[in-house]
Amino acid sequence: MTNEELWQSVLARIQLNTSRNNFSAWFINTNIFSRTDKEVVVSVPNKIAKEWIQNKYHKDLLKALHELNFSVKDIKYQIVPASQIAQKEESQEEEYSNISANQLRFEQFNIDRETNLNPRYSFDNFIVGSFNDLTYAAAQAICKNPGTAYNPFFIYGGVGLGKTHLLQALGNKVSKDHANKKVKYLPSEILTSEIVNAITNNTIEDLKSQYKKYDVLIIDDIQFISGKTKTQEEFFNIFNFLYQKNKQIILSSDRPPKAIAALEERLRSRFEGGMIADIGMPDFETRVAILKKKAGERSVDLPPDVFEYIASNIQKNIRELEGALNKLIAHTKLTNQKIDIESAKNLLKNIISPNIKKKNPQKIIQIVADFYNLKEKDLFVNCRKKEIVKPRQVAMYLLRKELKNSFPYISKLFGGKDHTTAIYACKKIDLELKKGDSLSEEIEAIKQMICSC
Ligand code: ADP
Ligand code: MG
């Protein structure tokens, strides 16, 4: 196995547990630089990527190597600037084009270095239906007149429903139609890490003046700045500067501004000050249309009952629809066999399985912890800290409402002495919900996440 092949296999494993944004943000321009039996040296394009991969992915990378039967004991990281590997990329691209459909989508590696945009996302391959038509219409208006139509433009919706696609299509179209406008797309994790690094290196003013040059600034998954005080402070400053100069700001989130926990009030009100648009769930006919279009793009045709089978079993996530389709396409291409409903059911049995879809306490606890930016174990700490008390009560409330778990069971799970712990938590949340503040939006957003998981 060559270094490239090995790295592709490692990345294929990492990609399974990493969001598309994170994956393309951190693993672009990485490779295996050298290796011995005991050690692999991974080349990374810059210091930020090096620190991020080292801190967040080191263990996963080692695990992936072990799964591939390598006895590597350690991984080192070496910065190799993108310009030095540019030549290599050309030959790599040829190799990548041979990889079957359900393996790495290497189009990600064509990301534009100036704008950070991926050309694969366009309006041509974006399907519009009643679940996203208003958001789409607003996006079109912005393309015509960036900075004047809707500012800021805040898009929210569940996982895998097309937020990143829409944001990037918007960025690509503005770049194309208004060549003089400087567009920048940033996943919010990158915004945060750039700000944190600049503060550490005393270069925050330079960074801010760089951001202030953009005519269109797009930040994806802005909910991740929840609880990040420094990022919020600096972003507030950048936001105001751009806004006053009629520069377009576009944000996406998995929940509305009201439901983003630990977000400074002044930022929340800025986010709410423009156009807020949501992306809902596509209905059955739209899901079939999405599958047909995506199969068509790959020049594959499948029987109508196969499209319908996928569309009726995967309802809440377009990424999962695509995943199922990719699996079938890869199979036909590799085996040259036609897919019928029986083989589709068989091939998709791990994706479409009632057992996997079942909600369980573990999943609910994990989603609540993620939502409030906490570790799962924090929810089990019986303390009076405001940041913990509410999420803990929300978790108990959802176990009761969503799973109908008994009060004694829930109390015991959360270390309560008797069943009153859970009863108290549920009553408290019910009471808060009646007051009608932002909690009901938070709980709605969490429920959506539980359903789409
Ligand atoms: P999100 O950012 O909301 O989690 P993405 O934008 O990453 O979701 O979408 C997930 C996948 O589904 C992507 O591959 C994207 O191209 C595809 N997708 C989402 N919405 C649409 C749409 N309306 N038409 C075509 N493809 C879509
Ligand atoms: Mg996204």
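In what order do the 5 strands of the open sheet run? The order is 5-6-7-4-8, with parallel pairing. Strands pair here when DSSP finds at least two bridges between them, and helices (H or I, at least four residues) and strands (E, at least two) are DSSP runs numbered from the N terminus.

A word on the ground rules: this is a predicted model, where local features need pLDDT of at least 70, side-chain atom pairs count only at pLDDT 80 or more, and totals for chains, interfaces and linings use all residues. Residues are numbered from 1 along each chain as its sequence is written, chains are lettered from A and ligands numbered from 1 in the order in which they are written, and side-chain values use heavy atoms, leaving out hydrogens and water.

Back to the sheet. Strand 5 (183-187) and strand 8 (275-279) sit at the edges, each pairing on one side only. Further in, strand 6 (residues 216-220) and strand 7 (residues 248-253) share 4 bridges in the parallel sense, and Leu 217 stands opposite Ile 249 in strand 7.

Now for ligand 1. Its polar contacts (pairs of N or O atoms within 3.5 Å) include these:

| Ligand 1 atom | Partner | Distance |
|---|---|---|
| oxygen | Leu 161, polar backbone atom | 3.2 Å |
| oxygen | Gly 162, polar backbone atom | 3.1 Å |
| nitrogen | Lys 294, side-chain N or O atom | 2.8 Å |

Taken alone, ligand 1 exposes 560 Å², and the protein buries 98% of that; the areas come from the Shrake-Rupley method with a 1.4 Å probe. Helix 6 (163-177) and helix 13 (318-335) each supply at least two residues of the ligand's shell.

Definitions and conventions: Polar contact = N/O pair within 3.5 Å; in protein donor to acceptor, adjacent residues only side chain to side chain.
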